[in-house]
Number of protein chains: 2
Amino acid sequence: MSIVSGPMGGPVLIVGSVAYDSVRTPFGEVEGVLGGAASYASVSASFFSPVRMVGVVGEDFAYEDVAKLAHRDIDLAGLQRSPGKTFRWSGYYEYDMNQAHTTATELNVFEDFRPELPQNYADTSYVFLANIDPNLQLSVLGQIRRPKLAACDTMNYWIDSARDKLLEVLARCDIALMNDAEARQLSGKVNLISAGREVLDYGPRVVIIKKGEHGCLMISHDSYFAAPGYPLEEVRDPTGAGDTFAGGLAGYLARCGETDEAAVRRAIVCGSVMASFVVEDFSLDRLFRLTPEDIAERYQEIAAMTRFGGL
Amino acid sequence: MSIVSGPMGGPVLIVGSVAYDSVRTPFGEVEGVLGGAASYASVSASFFSPVRMVGVVGEDFAYEDVAKLAHRDIDLAGLQRSPGKTFRWSGYYEYDMNQAHTTATELNVFEDFRPELPQNYADTSYVFLANIDPNLQLSVLGQIRRPKLAACDTMNYWIDSARDKLLEVLARCDIALMNDAEARQLSGKVNLISAGREVLDYGPRVVIIKKGEHGCLMISHDSYFAAPGYPLEEVRDPTGAGDTFAGGLAGYLARCGETDEAAVRRAIVCGSVMASFVVEDFSLDRLFRLTPEDIAERYQEIAAMTRFGGL
């Protein structure tokens with residue numbers, strides 16, 4: 001089941017934002033480039049399994065960007081086109097690339113987004129709910145008959161403003177993804193391990209805490225798994241790293257059709273690999289240039305940099 | 001060469017501070033307890049190989065503490081006793097245990113410390129130079145005929161005030177240990193990988209960057225190795241974690257008598273194991289209760305939490 005053989009298994013359904021981003025980092029600046037959680041996660045997942053992308057764009061969404069997604073063989077039947085403009089985000093990063101500074105958010109068509117899944121999507125087995133209103137995440141889950149595996153992400157805004165609904169989402173998901181600050185905020189625990197254990201109590205069988213350049217930590221009821229960040233000397237644009245991670249993870253699980261812990265561990269490494277690539281350039285540019293061979297090679301590199309012998 | 005068989009190989013010479021610490025953390029408070037880099041590193045190393053501890057204490061240094069070190073079979077011939085009081089450090093930690101806040105430092109006898117090695121120490125093969133004035137680190141190196149492996153640590157103060165001498169130390173060491181902030185300060189590079197590569201250029205063949213709860217990253221000329229932090233729900237007192245790490249590392253290398261990268265990787269995991277224990281209680285209390293079986297078990301746990309299959 002070499003990654004080089006192209007996408008298989010799945011499909012995986014991915015719902016989230018599609019955006020035009022304007023981003024400045026110490027390494028450059030771009031304006032109005034393709035972004036949004038669903039874009040990053042879908043393109044990332046598409047290297048592993050067929051993808052059904054669910055989101056909304058405005059009338060200004062360029063054919064060129066549709067074509068880029070279509071070239072990755074992403075099924076766009078669930079990508080709504082609404083009157084108005086596409087969601088826009090502007091932000092910048094200082095030298096500490098772990099911290100995004102938002103300068104403007106225009107929700108535009110995303111404000112009234114109500115995901116309506118094409119009927120044939122009801123049988124989807126693998127779902128990744130990117131960071132959107134927990135009510136919408138629940139609505140998507142409600143439109144899928146019996147997912148084999150559901151993963152979700154969230155953010156500080158929903159932890160504050162829609163905590164109860166978010167807990168409902170977590171109770172229905174197998175894998176909860178969040179960054180360290182979100183895990184602490186959601187659980188009220190400072191210690192990251194305690195925070196993760198608390199989130200486990202909300203229902204998911206696996207919690208994955210993303211720690212940016214420090215990699216991530218998986219916590220399950222009877223196990224831990226730590227994956228390092230891939231060492232990069234130049235991070236040009238960290239935007240979308242978390243969603244790219246999640247897309248690689250969900251795509252890999254959909255591909256291999258297994259959901260046990262060994263599969264989740266390999267999926268986490270796939271996610272790390274994908275995230276390590278996407279930050280090498282702005283927008284999704286690096287992913288659009290990526291080959292399955294690149295992925296396989298970096299996976300091996302991470303294996304090599306974590307290996308050690310017995311005492 | 002099971003760890004359970006007790007210390008062997010070596011010996012390893014460890015030079016650094018011996019202190020009485022007063023520490024407050026969210027989990028408790030202690031006053032005037034045994035501390036200092038040389039104490040932590042020596043006791044940690046003593047589980048792996050015979051230790052020669054070099055430092056200075058005042059007339060107030062308690063027989064009880066001498067006995068504790070002696071019980072670990074640490075050779076104290078190089079521990080000077082000078083007129084005056086032992087070095088004292090007071091500090092506290094908030095919930096963010098990665099950050100120590102110093103409230104008082106009394107150098108006392110440590111101010112005029114001039115390490116004079118017992119003559120038979122000149123043949124020591126393994127040396128760990130804990131964080132002290134780089135001039136003293138050089139003086140110790142000058143008193144050892146031909147060390148097989150030298151490792152050193154440092155801190156922000158010396159990077160600022162004795163940079164040239166510190167660079168001399170680094171040029172003569174095989175392994176440089178520092179935390180992430182120190183690596184950035186020393187190299188002037190924000191990116192941690194670039195910072196590590198820059199430090200490599202100063203001479204050591206291995207740079208180990210300690211990242212607290214995030215574990216550590218080894219950088220050599222042709223390889224990376226990432227070790228995770230051991231997941232602890234309760235860190236009672238992080239004081240001495242870095243020195244305990246270094247002691248475990250140096251002690252293990254002295255024990256196995258190998259200095260290739262595979263040995264350094266195992267040594268890093270030994271260091272992580274020791275550090276994960278010492279923070280479970282105040283002062284060196286946890287180390288004095290530790291068994292070789294505890295060490296072997298936690299080493300296995302770290303192996304288990306980093307393992308993943310091929311794609």
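Helices H1(B) and H8(B) are oblique to each other, because their angle falls outside the other classes (under 35 degrees is roughly parallel, over 145 roughly antiparallel, 65 to 115 roughly perpendicular, and the rest oblique). The axes of helix H1 (residues 37-45) and H8(B) cross at roughly 40° and come within 7 Å. Axes here are lines fitted to C-alpha atoms, for helices over the stretch in contact, and angles run from 0 to 180 degrees between N-to-C directions. Helices and strands are DSSP runs, numbered from the N terminus (helices: H or I, at least four residues; strands: E, at least two).

The structure is a predicted model, in which local features need pLDDT of at least 70, side-chain atom pairs count only at pLDDT 80 or more, and totals for chains, interfaces and linings use all residues. Residues are numbered from 1 along each chain as its sequence is written, while chains are lettered from A and ligands numbered from 1 in the order in which they are written.

The crossing of H1(B) with H8(B) is right-handed (the near helix is turned clockwise from the far one by less than a right angle; anticlockwise would be left-handed). On the H1(B) side, the contact includes B:Ala37, B:Tyr40 and B:Val43. On the H8(B) side, B:Asp243, B:Thr244 and B:Gly251 are among the residues that take part. Two residues are in contact if their C-beta atoms, placed from the backbone, lie within 7 Å. Seven nonpolar, six polar and one charged residues form this contact. Nonpolar means Ala, Val, Leu, Ile, Met, Phe, Trp, Tyr, Cys and Pro; charged means Asp, Glu, Lys and Arg; the others, Gly among them, are polar. H1(B) is mostly covered, with nine of its nine residues buried. A residue is buried if 20 or more other C-beta atoms lie within 10 Å of its own, exposed if 12 or fewer, and partly exposed in between, with C-beta atoms placed from the backbone.

H8(B), residues 241-256, also packs against H9(B). Their axes come within 7 Å and cross at roughly 140°. This pair is therefore oblique too. The crossing of H8(B) and H9(B) is right-handed. B:Phe245, B:Leu249 and B:Tyr252 are among the residues of H8(B) that meet H9(B). H9(B) supplies residues including B:Arg266, B:Ile268 and B:Met274. By class, the contact has 15 nonpolar, five polar and one charged residues.

In chain A, A:Ala275 sits in helix H9 (residues 261-278). A:Ala275 is buried, because 28 other C-beta atoms lie within 10 Å. Beyond its neighbours within four places in sequence, A:Ala275 touches A:Ala241, A:Thr244 and A:Phe245. A:Asn131 occupies the loop between strand S8 (126-129) and helix H3 (134-142). A:Asn131 is buried as well, with 24 other C-beta atoms within 10 Å. Its contacts outside four places in sequence are A:Gly16, A:Ala37, A:Asp153, A:Thr154 and A:Met155.

The two chains also meet. The interface joins 30 residues of chain B to 30 residues of chain A. Helices H7 (192-201), H9 (261-278) and H11 (292-306) and strand S13 (223-227) of chain B each supply at least two residues to that side. The side of chain B that touches chain A holds 19 nonpolar, six polar and five charged residues. A turn of 180° and a shift of 0.0 Å along the axis lay chain B on chain A with an RMSD of 0.0 Å. That is the relation of a two-fold axis. Copies are superposed by least squares on the C-alpha atoms of residues with pLDDT of at least 70 in both. Both copies use the same surface, as 100% of the contact residues of chain B recur in chain A.
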